[in-house]
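Me: I'd like a close look at one part of this protein, with its surroundings filled in afterwards. Could you walk me through it in plain words?

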Amino acid sequence: MLLRVRVTLPDRPGALGQVARTLGVAGADIVQVVVLERLGGRAVDDFTVVWPGASRVERLLAGLAAIPGVQVDGVWRAIGAPVSGGHDAELLAQVAANPADGLATLVDAVPGLLAADWAAAAVVPADWAARTAAPRPAPVDEPSLRLPTGSEPTVTYASWRAPSPLHLPEVTPLRARPMTGADGTRYAVAPFGRAGLVLVIARGDDDELPAAAFHITEVDRIAQLVRAAAVILGDRLDLIGVPSVATAVIDPS
């Protein structure tokens, strides 16, 4: 099976080679290494490896933990062959070539790009975050307004492996960021900037493998893809449909 292994290690000569040798001794065949961060004498690297299905991952984790200064941030299953940033342009070209299915194309592709489990595009009601806030009393000279409470985020498209029914985390305020759900699922969210539409990407733990949170470089990559897709698709995104949240009910009391 294909695994993604994220480690934080000292940014010094020989450290990367020591991690690579340990992976090889444990039985992992390295197919890709991506440097996510180099800062303050530390580096964060993603290794994509082919791992024998019959072998226990504990052996791999024990070997890495024995290297001085190395920390394992996560190990999770990767779907499909690893891909690099060069595939982003190809994906956007596919979106531009068939804009009618552009949103579905984007949603289906991003899990493979980011070694995630699934992705979904959803329209988020403008008042979703406000419902959990304390009510604000209306001025005495104005009628009080009650926003509808039944409006929920509407999933417009979900990729393969997305759970059904799909319960989204609280993604408002709409900005690109990583987050962790109440059940431990790791999310990355990025708004399209139109019609309350947001892209949600998820990683979950599987078979006792602790998935890593989305790194800021991964979030930035997602945000760039979403912004570019929004420019390409333009007004088509506005036609997806916005939940009816603007209609207020006048409370005569």
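Which residue just after H4 takes a positive phi?

Reply: That's Ala115, with a positive phi of about 50°. Keep in mind that this is a predicted model. Let's start with the helix before that spot and work outwards.

Helix H4 covers residues 102-113. With 12 residues at 1.5 Å a residue, H4 should span 16 Å, and since its end C-alpha atoms are 16 Å apart, the two values agree. H4 is also mostly covered, as 9 of its 12 residues are buried. Those buried residues are Gly102, Leu103, Ala104, Thr105, Leu106, Val107, Val110, Pro111 and Leu113.

What does H4 sit against? In soluble globular proteins, nonpolar side chains tend to be buried together. Here, H4 is one of the elements that give two or more residues to the largest nonpolar core. The others are helix H3 (86-97), strand E5 (118-123), strand E9 (186-191), strand E10 (197-203) and helix H5 (216-233). H5 gives the most to this core, with 7 residues. The core has 28 residues, and the members that touch the most others are Phe192, Leu199, Ile201, Phe214 and Ile222.

Phe192 is a handy place to see how things come together. Leaving aside neighbours within four places in sequence, Phe192 is in contact with Leu103 and Leu106, among others, and both of these are buried residues of H4. Its list of contacts also includes Leu197, Val198 and Leu199, along with Val226, Ala229, Ala230 and Leu237. Apart from this core lies another one, of 20 residues, and among them are Val7, Ala15, Val19 and Ala26.

Now follow H5 to Glu218, which lies in that helix. Is Glu218 buried or exposed? Glu218 counts as buried because its relative accessible area is 5%, and the cut-off for buried is under 20%. Its side chain makes a polar contact with the side chain of Arg203, at 2.6 Å. Beyond its neighbours within four places in sequence, Glu218 is in contact with Arg6, Asp46, Leu114, Arg203 and Ala213.

Asp46 leads us on to a sheet. In strand E3, Asp46 is the bridge partner of Val34. E3 (residues 42-50) and E2 pair in the antiparallel sense over 9 bridges. They belong to an open sheet of 4 strands, in the order E2-E3-E1-E4, with antiparallel pairing. The edges are strand E2 (29-39) and strand E4 (71-77), each of which pairs on one side only. From one strand to the next, the twist averages 15°.

Two other spots are worth a look for comparing sequence with space. Glu58 is found in helix H2 (residues 57-65), and it counts as partly exposed because its relative accessibility is 44%. Glu58 and Glu208 are 150 residues apart along the chain, yet their C-alpha atoms are separated by 9.9 Å. Then there is Pro169, in the loop between strand E7 (154-158) and strand E8 (177-180). Pro169 counts as buried because its relative accessibility is 11%. From Pro169 to Pro153 it is 16 residues in sequence and 10.0 Å in space, C-alpha to C-alpha.

Definitions and conventions: Residues are numbered from 1 along each chain as its sequence is written. This is a predicted model: local features need pLDDT of at least 70, side-chain atom pairs count only at pLDDT 80 or more; totals for chains, interfaces and linings use all residues. Side-chain values use heavy atoms; hydrogens and water are left out. A nonpolar core is a set of buried Ala, Val, Leu, Ile, Met, Phe, Trp, Tyr and Cys residues joined through side-chain atoms within 4.5 Å. Buried means under 20% relative accessible area, exposed over 50%, partly exposed in between (1.4 Å probe, protein chains only). Contact means heavy atoms within 4.5 Å. Two strands pair if DSSP finds at least two bridges between them. Axes are lines fitted to C-alpha atoms, for helices over the stretch in contact, and angles run from 0 to 180 degrees between N-to-C directions. A polar contact is a pair of N or O atoms within 3.5 Å; within protein, one must be able to donate a hydrogen and the other to accept it, and residues adjacent in sequence count only if both atoms are side-chain atoms. The expected span of a helix is 1.5 Å times one less than its number of residues.
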